[in-house]
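Let's work through some exercises together, with the structure open beside you. Each one sets a task and then walks through a solution.

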Amino acid sequence: MPSLAAELVARQVDVIVTQGSIPPALAAKEATTTIPIVFVTGADPVAAGLVAGLARPGGNLTGFTLMHAELVQKRFELLSELVPQTGVIALLVKPDNPETGKMIRDTQEAAHTKGVEIEILKASNQGEIDSAFASLAKIKAGALVVGADPFFFSAREQLVALAARHAVPAIYDSPEIVYAGGLISYGNNGIDIWRGVGIYTGRILKGEKPADLPVQQPTTFELVVNLKTAAALGLTVPPSILARADEVIE
């Protein structure tokens, strides 16, 4: 990351846009204090040291936070509503994600409230994803929450295939995973986020300073349900979930 950021600075680009967890944005920040940087991150940009505050970022960075950790508790609640009979739910996380600790704590809190046991599974590569799914039967997990991480998004076809093979209901952060055959997702509208990135970039190119542009948090979230996948798993999606769904795939 540092070498890539340094290369962009050497080219004297007008704006740097970063996506993903904290490292890309931090690398860009360390490489320049003058070139404007617009970031998209699932982590807390204040806690990570990217900006001084959300309303007044300061410095040469601003951007969008996806609130990944904050939403994992809601995903757990939706999944437990979908499969209320299960007593064990697993959470799959990527260990080096800066928000993993908060995701685990929030999910454990939600599980305690509902009287459900939570098992933590970790994966940093495709082989470890295979191993995580293979362990579901051993730990008697009846459902799976997949933590938000760019790595899991890139491995969405593998996740969907394994969930089908092991017949485990799983919830994800991205509707694209549901479009690929996943069961259910709850998260941000990616189109809105990237439209906002384009708007901010345009405003900066016209002369506005990142320090004057507040870091944006999502205000709308989408619930997407795949009834084909539910049927394949032998699940009946409760009317309470269908009534709240923004999109239902039949």
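**Exercise 1. Work out how helix 1 and helix 2 are arranged, and describe their contact.**

Solution. Helix 1 and helix 2 are oblique to each other. Let's retrace how that label arises in this predicted model.

Step 1: take the geometry. Helix 1 spans residues 2-10 and helix 2 spans residues 22-31; their axes come within 8 Å and cross at roughly 45 degrees.

Step 2: apply the cut-offs. Angles under 35 degrees count as roughly parallel, and 65 to 115 as roughly perpendicular. The pair is therefore oblique.

Step 3: add the hand. The crossing of helix 1 and helix 2 is right-handed.

Step 4: find the residues. Helix 1 brings Pro2, Ala5, Ala6 and Val9, which meet Ala27, Ala28 and Ala31 of helix 2. By class, this contact has seven nonpolar residues, no polar and no charged.

**Exercise 2. Repeat the analysis for helix 5 and helix 7.**

Solution. Step 1: helix 5 (residues 126-134) packs with helix 7 (residues 156-165) at an angle of about 20 degrees, and the axes lie 10 Å apart.

Step 2: angles under 35 degrees count as roughly parallel. Helix 5 and helix 7 are therefore roughly parallel to each other.

Step 3: the hand of the crossing between helix 5 and helix 7 is right-handed.

Step 4: on the helix 5 side, Gln126, Ile129, Asp130 and Phe133 make the contact, and on the helix 7 side Gln158, Leu159, Leu162 and Ala163 do. Sorted by class, the residues of this contact are five nonpolar, two polar and one charged.

**Exercise 3. Describe the largest pocket: its volume and its lining.**

Solution. Step 1: the largest pocket holds about 480 Å³ of space.

Step 2: look towards its centre. The lining has 22 residues, and Gln19, Leu66, His68, Phe153 and Asp173 are the closest to the centre.

Step 3: trace the lining back to its elements. Two or more residues each come from strand 1 (16-20), strand 2 (37-41), helix 3 (68-82), helix 6 (150-154), helix 8 (175-179), strand 8 (184-188) and helix 9 (190-205). Helix 9 gives the largest share, four residues.

Step 4: sort by class. The lining of the largest pocket has eight nonpolar, 10 polar and four charged residues.

**Exercise 4. Which residues line the second largest pocket?**

Solution. Step 1: this pocket has a volume of about 180 Å³.

Step 2: its lining consists of Phe64, Thr65, Asn188, Asn189, Asp192, Ile193, Gln216, Gln217, Pro218, Thr219 and Thr220. Strand 3 (61-65) and helix 9 are the elements that give two or more residues.

Step 3: by class, the lining of the second largest pocket is three nonpolar, seven polar and one charged.

**Exercise 5. How many cavities of 30 Å³ or more are there, and what lines the largest cavity?**

Solution. Step 1: the count comes to one cavity of 30 Å³ or more.

Step 2: the largest cavity has a volume of about 50 Å³.

Step 3: around the largest cavity you will find Gly20, Ser21, Gly42, Ala43, His68, Asn97, Glu99, Met103 and Pro150. These lining residues divide into three nonpolar, five polar and one charged.

Conventions:
Residues numbered from 1 in each chain as written. Predicted model: local features only at pLDDT ≥ 70, side-chain atom pairs only at ≥ 80, totals over all residues. Heavy atoms only, no water. 1 Å grid on protein atoms, 1.4 Å probe; cavity = no way out; pocket = protein on both sides within 12 Å on 5 of 7 lines; lining within 4 Å. Points joined across faces, edges and corners; volume = space filled by probe spheres on them. Nonpolar A, V, L, I, M, F, W, Y, C, P; charged D, E, K, R; others polar. Axes fitted to C-alpha atoms, helices over the stretch in contact; angles between N-to-C directions. Parallel < 35°, antiparallel > 145°, perpendicular 65-115°, else oblique. Left-handed = near helix turned anticlockwise from the far one by under 90°. Contact = heavy atoms within 4.5 Å.
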